[in-house]
Amino acid sequence: AEYWIINALTTVVLLVFEDWIDWFPLYYELKVVFFLLLVHPSVQGAALLYNSVMLPMLRMHEDSIDQALVHATISTGQLIAAAQKTSLRYVAAGGKVLLRKGLKTVLNSSLDSPSK
């Protein structure tokens, strides 16, 4: 799990800054070496970075992260509820129109067809 967290963080940072740093000599070679060190079993760079940098930072900001997650959960729930209400209104309105058109078609076809 540590590798994927460090990999994702590194990828995001590189996406933002790569245009400015890719002109450094040996940038791509150093990038390959960095990712190899992250996964190499004897170095375990990902675990080292996670335990020495990420974990202390996460622990320091744990309360604010938890609050942000609670806020995001509540906001998402409210957004989904509003979308459900809106879609149900559209479905109900569309159903009424279809029912009217269907009844009109049935009535017109029964009036037009001769009785036996």
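I began with the buried residues of helix H1 and listed Ile 6, Asn 7, Thr 10, Leu 14 and Glu 18, keeping in mind that this is a predicted model. I then looked up what these buried residues pack against, and found helix H2, residues 27-39, together with helix H3, residues 45-60.

Next I followed the course of H1 itself, which spans residues 2-21 and has a kink of about 50° centred on Leu 15.

From the buried set I picked out Thr 10, which lies in helix H1. I noted its relative accessible area as 15%, and because buried means under 20%, Thr 10 counts as buried. Setting aside the neighbours within four places in sequence, I found Thr 10 in contact with Phe 34 and Phe 35.

I turned then to the pairing of H1 with H2, whose axes come within 12 Å and cross at roughly 170°. Since angles over 145 degrees count as roughly antiparallel, I entered H1 and H2 as roughly antiparallel to each other.

For the contact between these two helices I wrote down both sides: H1 contributes Tyr 3, Ile 6, Asn 7, Thr 10, Leu 14, Glu 18 and Ile 21, and these meet Tyr 27, Tyr 28, Lys 31, Phe 34, Phe 35, Leu 38 and Val 39 of H2. Sorting the residues of this contact by character, I recorded 10 nonpolar, 2 polar and 2 charged.

Notes. Residues numbered from 1 in each chain as written. Predicted model: local features only at pLDDT ≥ 70, side-chain atom pairs only at ≥ 80, totals over all residues. Heavy atoms only, no water. Bend = angle between axes of the 7 residues up to and from the residue. Helix = DSSP H or I, 4+ residues; strand = E, 2+ residues; numbered from the N terminus. Buried < 20%, exposed > 50% of the residue type's maximum accessible area, 1.4 Å probe, protein only. Contact = heavy atoms within 4.5 Å. Axes fitted to C-alpha atoms, helices over the stretch in contact; angles between N-to-C directions. Parallel < 35°, antiparallel > 145°, perpendicular 65-115°, else oblique. Nonpolar A, V, L, I, M, F, W, Y, C, P; charged D, E, K, R; others polar.
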